[in-house]
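User: Please walk me through this structure in short questions and answers. Keep to what can be computed from the atoms.

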2 protein chains.
Amino acid sequence: MDRLYEAVEKKGHVCVGLDTSVDYIPEGFKKKFSSVYDALFEFNKKIIDATEDVAACFKVQIAYYEALGIEGLKVYKKTIEYAKEKEAIVIGDIKRSDIADTARMYARAHFEGDFKVDLVTLNPYMGVDSITPFLEYTDKDKGVFVLIKTSNPSSKDLQLLYAGENRVYERVYDMLRSLIEKSIGEYGYSPIGAVVGCTNSDEAGHIRKRLKNMFFLIPGYGAQGGGAKDIKNLLIDKNGGVVNSSRGILLAYRKHGDERFELHAREEALKMREEILNEL
Amino acid sequence: MDRLYEAVEKKGHVCVGLDTSVDYIPEGFKKKFSSVYDALFEFNKKIIDATEDVAACFKVQIAYYEALGIEGLKVYKKTIEYAKEKEAIVIGDIKRSDIADTARMYARAHFEGDFKVDLVTLNPYMGVDSITPFLEYTDKDKGVFVLIKTSNPSSKDLQLLYAGENRVYERVYDMLRSLIEKSIGEYGYSPIGAVVGCTNSDEAGHIRKRLKNMFFLIPGYGAQGGGAKDIKNLLIDKNGGVVNSSRGILLAYRKHGDERFELHAREEALKMREEILNEL
């Protein structure tokens, strides 16, 4: 998480989301390749090349590759490897949830196996047992983002319920608190981060205060509706979080009516970076 | 879920868990194959052959295969395909959690893609949005098991919290209730089932009453400590649930000090079936 903090200092808050649906690839580009898998990888490669100096990190959403089966997961693997060759920080957006030996298997898959990334997203519903096996890798500079408060409408179904005086999402923090407090890094953040969606400013301020020492992965920018104004209160001294945009960046070319997708992706990432910095 | 009900009527309550760690394969057997992946697949094949007439279904835990990367996931795929050739019902124990288009990608992966199974396990923390995309497949005879109350110690961290008068896990049911009630099948069960761990009898009775119309996938038998006595109150008229055992069955051979694993797996599955039936 310290490296991510440093990347934000250097490059700003943009996390480029490679949630790449095959449908997102421009037709003209797709036609150049003999398989959809090659087209997918080459698309990602061009996005990485075009945005690496503007992006604090890349987030790769495994579901889009898993949907394509074995061949899709090969593209997931190659995409991560390519970003790592470029020395980018990579988040595997896997939202896995399991316990004990099974969780250990997921940790092995995503921290040392074919799908090796720097950080993964995790779902806390099964309790702290579903997080701790991943923390065995923190001395190898790995970290996790635990889903705390997501940005989708039905996040209210469970996350916003009150359990006593606190909401369920705050209880996720409570269950992690002792682990967080004993693992705080150089810049005040634990390797246990949080996924926290863009939200109204009051709530953002409350969350930021409550979940101190957690670095935030903030989804919901652009295509999902959140804007730069909402980000400020989720940060501390202009750091402590990255903001993900996927479709906003990958599909920026469509607004321009031409297929130079990597060019428009870069422009969009630059614009987003500026929008956020201007609000801080 | 109707087919699973019928399988329980015919074959009993045992769900054989193919949570196959490479470490579970007897050394003598492993040596026969040129790769660990071949050994893993052939091990699963023999377990399936030896237990298919005793098991209501098979549950394949994807984490064990994901840990082995692309080659491991090929074994996951082949294992599912082999069980389907035998006309077995297969549960993909994936515990995925995501929303909207991303959830749709997971549904595609596990209901129509390379990893095509009959039923999947899902994590509800993100709310009902994380379940509904999978229900688009119920007319193709697919179903889901939503994590409600799991059997691990830290399930108390969130699932057992009181949110008002009800516990969080009951609120998961509440959020699904209208979807469940409008999708009840031939035998009284919705294609939306629940993962409910073995637990004490009072609580089991309460859960069974509260979560009516949900078919249960019950983990925690054998290796995880739960026994046949606890099952009874989770069932209705001797049906409405399958009971998973993974290590108990896969590693039964170790208790006998010989490597005829498929023989001992079959004996263990038969014994477990009897133990459960005797308590009903």
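User: Which backbone oxygen does the side chain of Ser154(B) reach?

Analyst: This is a predicted model, where local features need pLDDT of at least 70, side-chain atom pairs count only at pLDDT 80 or more, and totals for chains, interfaces and linings use all residues. Residues are numbered from 1 along each chain as its sequence is written, chains are lettered from A and ligands numbered from 1 in the order in which they are written, and side-chain values use heavy atoms, with hydrogens and water left out. Ser154(B) sits in the loop between strand E5 (143-149) and strand E6 (162-163) of chain B. At 3.1 Å, its side chain reaches the backbone oxygen of Met126(A).

User: Is Ser154(B) buried or exposed?

Analyst: Leaving aside neighbours within four places in sequence, Ser154(B) is in contact (heavy atoms within 4.5 Å) with Met126(A), Gly127(A), Val128(A) and Asp129(A). The classes are buried (under 20% relative accessible area), exposed (over 50%) and partly exposed in between, with a 1.4 Å probe and protein chains only. At 3% relative accessibility, Ser154(B) is buried.

User: How many residue pairs are in polar contact between chain A and chain B?

Analyst: A polar contact is a pair of N or O atoms within 3.5 Å; within protein, one must be able to donate a hydrogen and the other to accept it, and residues adjacent in sequence count only if both atoms are side-chain atoms. With both residues at pLDDT 80 or more, the count between chain A and chain B is 33 residue pairs.

User: Which element gives the largest share of the side of chain A that touches chain B?

Analyst: Helices (H or I, at least four residues) and strands (E, at least two) are DSSP runs, numbered from the N terminus. Elements that give two or more residues to this side include helix H5 (69-85), helix H6 (100-111) and helix H8 (168-181) of chain A. The largest share is seven residues, and it comes from H6(A).

User: Which three residues supply 17% of the area that chain A buries against chain B?

Analyst: Buried area is the accessible area (1.4 Å probe) that two parts lose on being put together, summed over both. Chain A and chain B bury about 4,600 Å² between them, 61% of it on carbon and sulfur atoms. The 17% of chain A's buried area, more than any other three residues supply, comes from Ile70(A), Tyr125(A) and Leu158(A).

User: What relation superposes chain A on chain B?

Analyst: Copies are superposed by least squares on the C-alpha atoms of residues with pLDDT of at least 70 in both. A rotation of 180° with 0.0 Å of shift along its axis does it, at RMSD 0.0 Å. That is the relation of a two-fold axis.

User: Which residue of chain A comes closest to the rotation axis?

Analyst: The same surface serves both copies, as 100% of the contact residues of chain A recur in chain B. By C-alpha position, the closest residue of chain A lies 2.1 Å from the axis. That residue is Ala163(A).

User: How many salt bridges are there between chain A and chain B?

Analyst: A salt bridge is a side-chain nitrogen of Lys or Arg within 4 Å of a carboxyl oxygen of Asp or Glu. Asp98(B) forms one with Lys95(A), with the closest N and O atoms 2.8 Å apart. Between chain A and chain B the count is four.

User: How many residues apart in sequence are the parts that Lys84(A) and Asp118(A) tie together?

Analyst: The side chains of Lys84(A) and Asp118(A) meet in a salt bridge at 2.7 Å, N to O. Lys84(A) lies in helix H5 and Asp118(A) in the loop between H6 and strand E4 (119-122) of chain A, so the parts they tie together are 34 residues apart.

User: Why are Asp174(A) and Arg177(A) separated by about one helical turn?

Analyst: The two side chains meet in a salt bridge at 2.9 Å, N to O. Asp174(A) is partly exposed at 25%, and Arg177(A) is partly exposed at 32%. The separation is about one helical turn because they are three residues apart in helix H8 of chain A.

User: Are Glu66(B) and Arg96(B) buried or exposed?

Analyst: Their side chains meet in a salt bridge at 3.0 Å, N to O. Glu66(B) is in helix H4 and Arg96(B) in strand E3 of chain B, 30 residues apart. Both are buried.
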